[in-house]
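The following exercises concern strand order, helix packing and salt bridges. Each task is followed by a solution in steps.

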Amino acid sequence: MTTAHRKVHTASFTPSPTEPLKHQLIATLAQHRMASTGQLHVLLRPHRSRQSVSERLNDLLDERLVDFVVLPQSYRTRVWYLTPKGARLTRDWPALRGRPPYPVTSATAASLKTPHTLTVLRTHLAFVADARQRGDEHGHLDWTPEVFHSIGDGDRVVADAFMHYTLIEGEQRRKLRAFVEIDRATMSSERLAAKLIEYARLWAYEPQPVSRRRQAAGPGWLRWYPVFPRILFVLTGAGRQAMDNRINDLKAMVAHHPLVAELAREVPLGAVTLDDLDDHGPTSDMWVPLAGGKPRPWTDL
């Protein structure tokens, strides 16, 4: 199997060690809502001991800025989140503009959201690890969970995550953006495929001008993005055949829905399983183009 891991840089894009680890831990929990100790270690200090991260988390626990729940049947794995005090502290941090508006600040809320939130973060970690190996730029704050946009008629599309990624090829820097949908097989395949209709509506949606004298300024997404972000589906939580069937249903939606087909002619769309993402990396030839064609890296969809 061929992969796109053709270049390895000696320098990797990791969080600056000049910024206090405690500050980075709080910022990461504000951005991602929850994370396990192991995930925080990989995300923020991959070249230092896990104990160094645990010690700072315990300091924050003593200051009542963070709290944790213990995952069941996990050898007492701790999943951390901000307390209300910690959430208030980060409210005006410039680096966190655009973060999720509803932080997890109670054990009950954390327990309910843990499976999905940790799976979304696991997906992010696959991109982070790949970026470090390649020498690309994709850090702990380049992934924003639960980004939503209006699509008219009081409806909105909610992406599980939005990703910023800078692909570095020699002297060239190519900025990529993506909406990421994490499918844990908790909804029907039909509902999953219908997400493509929502994205197609966002792509085509033009807000009506407030004043009759003002002309519409084009698609609404231009307020946030210079080009429409690619759309990536990451599937887990089912057997291989079931996930292949779900990917085929996504491809069928592209083929048969007129507006989605129009979207697919302009916007890269791809799907992959989370196991393949973990085992082979995001820039391997594992992504299925939903508009047809052979598997390829997400950067080449």
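**Exercise 1. Two consecutive helices**

Helix 7 and helix 8 stand roughly perpendicular to each other. The model is a predicted one.

Task: Determine at what angle the axes of helix 7 and helix 8 cross, and which residues meet between them.

Solution.
1. Helix 7 spans residues 240-256, and helix 8 spans residues 258-266.
2. Their axes come within 5 Å and cross at roughly 100°.
3. Angles of 65 to 115 degrees count as roughly perpendicular, and the two helices are therefore assigned to that class.
4. On the side of helix 7, the residues in contact are M253, V254 and H256; they meet P258, V260, A261 and A264 of helix 8.
5. Sorted by class, this contact comprises six nonpolar residues, one polar residue and no charged residues.

**Exercise 2. The six-stranded sheet**

Task: State the order of the strands in the sheet of six strands, and identify its edge strands.

Solution.
1. The order is 4-5-6-7-8-9, in an open sheet with mixed pairing.
2. The edges are strand 4 (143-152) and strand 9 (288-289), each of which pairs on one side only.
3. An antiparallel pair is formed by strand 5 (residues 155-169) and strand 6 (residues 172-183), joined by nine bridges. Within this pair, E169 has Q172 as its bridge partner, and T166 stands opposite K175.
4. Two residues lie between the strands in the hairpin of strand 5 and strand 6, where G170 adopts a positive phi near 65°.
5. A parallel pair is formed by strand 6 and strand 7 (residues 230-235), joined by six bridges. Here I182 has V234 in strand 7 as its bridge partner.
6. Strand 6 thus has an antiparallel connection to strand 5 and a parallel one to strand 7, in keeping with the mixed pairing of the sheet.

Task: Name the strands across which helix 7 lies, and give its angle to strand 8.

Solution.
1. Helix 7 lies across strand 6, strand 7, strand 8 (269-273) and strand 9.
2. Its direction makes about 175° with strand 8.
3. Angles over 145 degrees count as roughly antiparallel, so the helix and strand 8 fall into that class.

**Exercise 3. The three-stranded sheet**

Task: Establish the order of the open sheet of three strands, and state which helix packs on it.

Solution.
1. The order is 1-3-2, and the pairing is antiparallel.
2. Strand 1 and strand 2 (66-70) are the edge strands, each pairing on one side only.
3. Strand 1 is joined to strand 3 (residues 78-82) by two bridges; S36 has V79 in strand 3 as its bridge partner.
4. The packing helix is helix 3 (residues 50-62), which touches strand 2 and strand 3. Its direction makes about 115° with that of strand 2.

**Exercise 4. Salt bridges**

Task: For the salt bridges of E146 with R33 and of E137 with R173, give the distance between the closest N and O atoms. Locate the partners, and decide whether E146, R33, E137 and R173 are buried or partly exposed.

Solution.
1. The structure contains 13 salt bridges.
2. In the pair of E146 and R33, the closest N and O atoms are 3.3 Å apart. E146 belongs to strand 4 and R33 to the loop between helix 1 (21-32) and strand 1 (35-36), so the bridge ties together parts that are 113 residues apart in sequence.
3. Under 20% relative accessible area a residue counts as buried. R33, at 4%, is therefore buried, whereas E146, at 31%, is partly exposed.
4. In the pair of E137 and R173, the corresponding distance is 2.9 Å. E137 is in the loop between helix 5 (107-134) and strand 4, and R173 is in strand 6, 36 residues apart.
5. E137 is partly exposed at 24%, and R173 is partly exposed at 46%.

Task: Identify the network of salt bridges that includes E55 and R56.

Solution.
1. The side chains of E55 and R56 form a salt bridge at 4.0 Å, N to O.
2. E55 is partly exposed, at 35% relative accessible area; R56 is partly exposed as well, at 26%.
3. Through shared partners, salt bridges join E55, R56 and D59 into one network.

Note on methods:
Residues numbered from 1 in each chain as written. Predicted model: local features only at pLDDT ≥ 70, side-chain atom pairs only at ≥ 80, totals over all residues. Heavy atoms only, no water. Pairing = 2+ DSSP bridges. Helix = DSSP H or I, 4+ residues; strand = E, 2+ residues; numbered from the N terminus. Contact = heavy atoms within 4.5 Å. Axes fitted to C-alpha atoms, helices over the stretch in contact; angles between N-to-C directions. Parallel < 35°, antiparallel > 145°, perpendicular 65-115°, else oblique. Nonpolar A, V, L, I, M, F, W, Y, C, P; charged D, E, K, R; others polar. Buried < 20%, exposed > 50% of the residue type's maximum accessible area, 1.4 Å probe, protein only.
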